[in-house]
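The following note is intended for a colleague who is meeting this structure for the first time. The points may be read alongside the sequence and the model.

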Amino acid sequence: MRKQIAAANWKMNLTLEQGSTLVNDIISASLMLDKDHLVVFGVPFPYLTSVKQQLAGRENIFVAAQNCYSKKSGAYTGEVSAEILHSIGVDYVIIGHSERREYFNECNAMLAEKLNLAFEYGLKAIFCCGEALAIREAGTQNSFVETQIKESLFHLTAEQMTGFVIAYEPIWAIGTGKTASSAQAQEIQLHIRNVIGAQYGDAVAQSVSILYGGSVKAANAKEIFGQPDVDGGLVGGASLVAAEFSAIINSLK
Ligand code: PGA
């Protein structure tokens, strides 16, 4: 079975102390993690090392950076490279979140560069895609997301795509309290899997974990994660509350 993943995206929230209390509360809750379940904490850069230490010895729980830069190294003041993340033992990196695309002008081609560097330094990527409200209203979300996937991922090899992680996050559902219905999530996530299957073959497509993100909470996680092509979630707001995120982890199928 492909991996079922509950990924937290703290964004630019929490102090170090608050974050460390949150992680402690979650890992000491009664989590029902089986061997195909993964939990990932996407935390601000300065907390990566300490959260990683808090998670030491836990097989299914990892730390993620929320971004990395599209260049290997050099005079890019304030940026953090894949190599730097690798050197401090970071496991995952979120690439192409819609907030990065919107506020920092990250385009599909730049995200392809970031993915290359993530692979070069052995980081596992969580690649985000998803459409804005106007695109959903025009009914062109499938082709929009298909273009995002093709332009950022299709240069990767079948080996690199095997076990890859994608997060489908409709922008209109992020932080709005408005969730895509489980049927809407299933429909587009099946489309994403089919697009990957057409390029790389069915075995590769079936190995890719496709997460849903956008107002996932304890109350709706089981229903959404229950869809055949939804392999867990990328969770913002609800990942900041221990009881919520623990219940979301326990909703993985
Ligand atoms: P949300 O954010 O759960 O607060 O909607 C999801 C995300 O942006 O990854």
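**Note on the barrel, the ligand site and selected loops**

1. In strand β3, V63 is the residue that stands opposite F41. The two strands concerned are β2 (residues 37-42) and β3 (residues 61-65), which pair in the parallel sense over four bridges. Pairing here requires that DSSP find at least two bridges between two strands. Strands (E, at least two residues) and helices (H or I, at least four) are DSSP runs, numbered from the N terminus.

2. The basis of the values should be stated early. This is a predicted model, in which local features need pLDDT of at least 70 and side-chain atom pairs count only at pLDDT 80 or more, while totals for chains, interfaces and linings use all residues. Residues are numbered from 1 along each chain as its sequence is written, and side-chain values use heavy atoms, with hydrogens and water left out.

3. The pairing of β2 with β3 belongs to a wider arrangement: eight strands form a closed barrel in the order β1-β2-β3-β4-β5-β6-β7-β8, with parallel pairing. On average, neighbouring strands of this sheet are turned by 25° against each other, direction ignored. Such angles run from 0 to 180 degrees between N-to-C directions, and the axes are lines fitted to C-alpha atoms.

4. Strand β5 merits separate attention. On one side, it runs parallel to β4 (residues 92-95), joined by four bridges, and Y92 stands opposite K124 of β5. β5 also pairs with β6 (residues 165-168) in the parallel sense, again over four bridges, and here C129 stands opposite Y168 in β6.

5. Why is β5 largely enclosed by the rest of the structure? Five of the six residues of this strand (residues 124-129) are buried, and it is therefore largely enclosed. Buried means under 20% relative accessible area, exposed means over 50%, and partly exposed lies in between (1.4 Å probe, protein chains only).

6. The ligand has 13 residues around it, of which K11, H97, E169, G175 and S215 come nearest. A residue counts as near if one of its heavy atoms lies within 4 Å of the molecule. By class, this shell holds four nonpolar, seven polar and two charged residues. In that scheme Ala, Val, Leu, Ile, Met, Phe, Trp, Tyr, Cys and Pro are nonpolar, Asp, Glu, Lys and Arg are charged, and the others, Gly among them, are polar.

7. Which residues place polar atoms by the ligand's oxygen atoms? A polar side-chain atom of E169 lies 2.7 Å from a ligand oxygen, and one of N9 lies 3.5 Å from a ligand oxygen. For G237, a backbone N or O atom lies 2.8 Å from an oxygen atom of the ligand. The protein covers 95% of the 280 Å² of accessible area that the ligand has on its own, the areas coming from the Shrake-Rupley method with a 1.4 Å probe.

8. The loop between α4 (98-103) and α5 (108-120) contains E106. E106 is buried, at 6% relative accessible area, and its side chain makes a polar contact (N or O atoms within 3.5 Å, one able to donate a hydrogen and the other to accept it) with the side chain of R100, at 2.9 Å. N105 is also found in the loop between α4 and α5, but N105 is exposed, with a relative accessible area of 63%.

9. Two backbone values deserve checking. Phi of N105 is near 55°, a positive value in a residue other than glycine. L14, likewise not a glycine, has a positive phi of about 80°. L14 lies in the loop between β1 (4-9) and α1 (16-27) and counts as partly exposed at 24% relative accessibility.
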